[in-house]
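Dear colleague,

Please find below the structure that I am handing over to you. My notes on it follow directly after.

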Amino acid sequence: MRIYQQQKKKNNNDRKLLCLSISFSCLVFFTSLTAQVNISIDSLYDKTLEELEKSYNLYRGDSLMSKIYANSYLKKAKKEKDELVIANGYKLLSEISENPLKIKYLDSIIHITEDKQNKKFPSLAYLRKGVYYFDNLEYNKALNLYLEALKFAKINRNKFYEIAIKHNIGLLKKNLGEEKEALVLFKENLNVIKSDTNDIDLKGSLNSTLFAISDSFLRLKFPDSAKKYIHSGLAKSHKSNDEDLYTSFLALNGIQNRMQNDYKKALDSLIKAKVRIEQSNNYEANKTIIYLQIAKVLLKINRGNEAVSYLKKIDFLTNDENFSIDIRDSYELLIDYYRRSNDKNNQIKYLNKLIHFDSVFNINNKNIKSNIVRHYDYKELINERNTAINQLKKSKRRSDSGIILSFLIIFLLLVLIFFYYRKKKIYQSKFEKLIEEKKIVEPQISYQEENNISKVSSELDIDEEIVKDILYKLKTFEEKNRFLKSGLKMDALAKSFCTNSTYLSKIININKQKNFSQYINDLRINFCVNKLRNDPKFRLYSIKAIAFEVGFTSIQSFNRAFLKQTGIHASYFIKKIDNQ
């Protein structure tokens, strides 16, 4: 058994560049025989279980024949009433079945082996169910199944399964943008593999682990750190004749050289990887990644027309189901290319495509990251806390200072967690309050209330007609959104009102109970919140673009004003409203 590269059924953002998925398979796959064989379950009655499983492996490429041998195996296993052998029969059937039968067979394995001491079961069934749900974007289910698989692997002391399951959890982390956490898991696996060089299964996991570490370092933009793992992976995969992994390491080598500005070497490795992938014709998702990397190199060496041809190939292969963050850059590059070429039609064409794909992607992946990462990390935190408590119990005879220090550390962790979730709850409450309001409206300046005008006039010692005129102009100023003008100054506004800044400042202070700067900022933030809530396209803007759009001259001043007015950060508000 070994870790091997698995192509996803659905090419989407949840499977990263040439990412490895863990599964378990028989040691050898034989090419199925092409001769027509007429055979039935009853005619196989005298064959042993070992002979039936061998024939099953021989005919894996023939769905009809492999099903006959798998059913014969299961029938004989049930007759012998050996539950572990029966579980193996369900395993064979699960390998050649589609859902819902696949899940049904895996559940049968779990049901009959959950209380058994066995190195393979039920960890294998939990892991394969996890991989199925991972491929179908049901990440919460996948994570729970991985953790169950890991629990049984530890109970049954199956070191290889522990590595395989942690590898899958690492892939899940990496798919959700948690590359640092994924890298920690992959490096832990590498240390275990290197510590036991006599274990054949662990040794077979080495290449895939090296790939995962290399890919993680590149995603974290550490090409120097990735380099030694890539070179090691190239040598070992070539030596072991692992063609798929060798192609993957070639691609990573090209990316690493591109990141280090060695474009000649980068292009050489990427073209070799492209040829191998196109010849295999098994990795449609990876074609787009290779094409994108080649295009990036070509743009750097001023071969724009060639780069665009690769980018258009990506566009041809991309649809709503397989669009991913990894290939999003291709549309940005096309848009930038046609913008610089002043080709408005193509620029708009690819802008529309990117907006559409982003919209579909956000809908399909709403809340996935926050939910999954929190769930996994919470479970890990509980495990670490329990481990710390057990260690404290075993070390009661140690010095009082050591015990007190340990408790203090745990207490501080709990305090930090408490304040983190408390702050999160407060932000959520403020966000919901903003959303519940149909519209945030700045109270209009009253210019028709004679008593109020008289009062203001009396307090400020300003003629009533002047007060009334300024209040009317302020109302018009608000209604026509003139406060969105960047660099708005009180002197300029007073001049446009045919008055002086002293009168204008005093009237705003009395009517609004705030100074001119606060008055303008509040109008802008209220406008911004309303537009963000009601205009999906406006939410696609960067924070900088939004700030400038509503009249602020810097991101810092916008963020301060937004936080002061709403109690939450602008980025948080946008993210939450997108996830609704």
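On the surface, a patch of negative charge brings together Glu50, Glu51, Glu80 and Asp82. Please bear in mind that this is a predicted model.

One member of this patch, Asp82, can be located more precisely. Asp82 lies in the loop that runs between helix 2 (63-80) and helix 3 (83-95). Is Asp82 buried or partly exposed? Its relative accessibility is 34%, and a residue is called partly exposed when its value lies between 20% and 50%. Asp82 therefore counts as partly exposed.

A second residue to examine is Asn257, which belongs to helix 12 (residues 243-259). The relative accessible area of Asn257 is 8%, and the limit for a buried residue is under 20%, so Asn257 is buried. Which residues does Asn257 touch, leaving aside those up to four places away in sequence? They are Asp262, Lys265 and Ala266.

Turning to the protein as a whole, there are 27 helices and zero strands. The protein has 580 residues, of which 46% are buried. Among contacts in the protein with a separation of 6 or more, 63% are between residues 24 or more positions apart. Finally, the protein exposes about 31200 Å², and 51% of that area is supplied by carbon and sulfur atoms.

When you open the model, you may wish to begin with Asp82 in its loop and then turn to Asn257 in helix 12.

With kind regards

Notes: Residues numbered from 1 in each chain as written. Predicted model: local features only at pLDDT ≥ 70, side-chain atom pairs only at ≥ 80, totals over all residues. Heavy atoms only, no water. Helix = DSSP H or I, 4+ residues; strand = E, 2+ residues; numbered from the N terminus. Buried < 20%, exposed > 50% of the residue type's maximum accessible area, 1.4 Å probe, protein only. Contact = heavy atoms within 4.5 Å. Patch = residues over 30% accessible without salt bridge, like charges linked within 9 Å, V, L, I, M, F, W, Y side chains within 5 Å. Areas by Shrake-Rupley, 256 points an atom, 1.4 Å probe, with all protein chains shown as cover. Salt bridge = Lys/Arg side-chain N within 4 Å of Asp/Glu carboxyl O. Lys, Arg positive; Asp, Glu negative; His and termini not counted. Charge placed at Lys NZ, Arg CZ, Asp CG, Glu CD.
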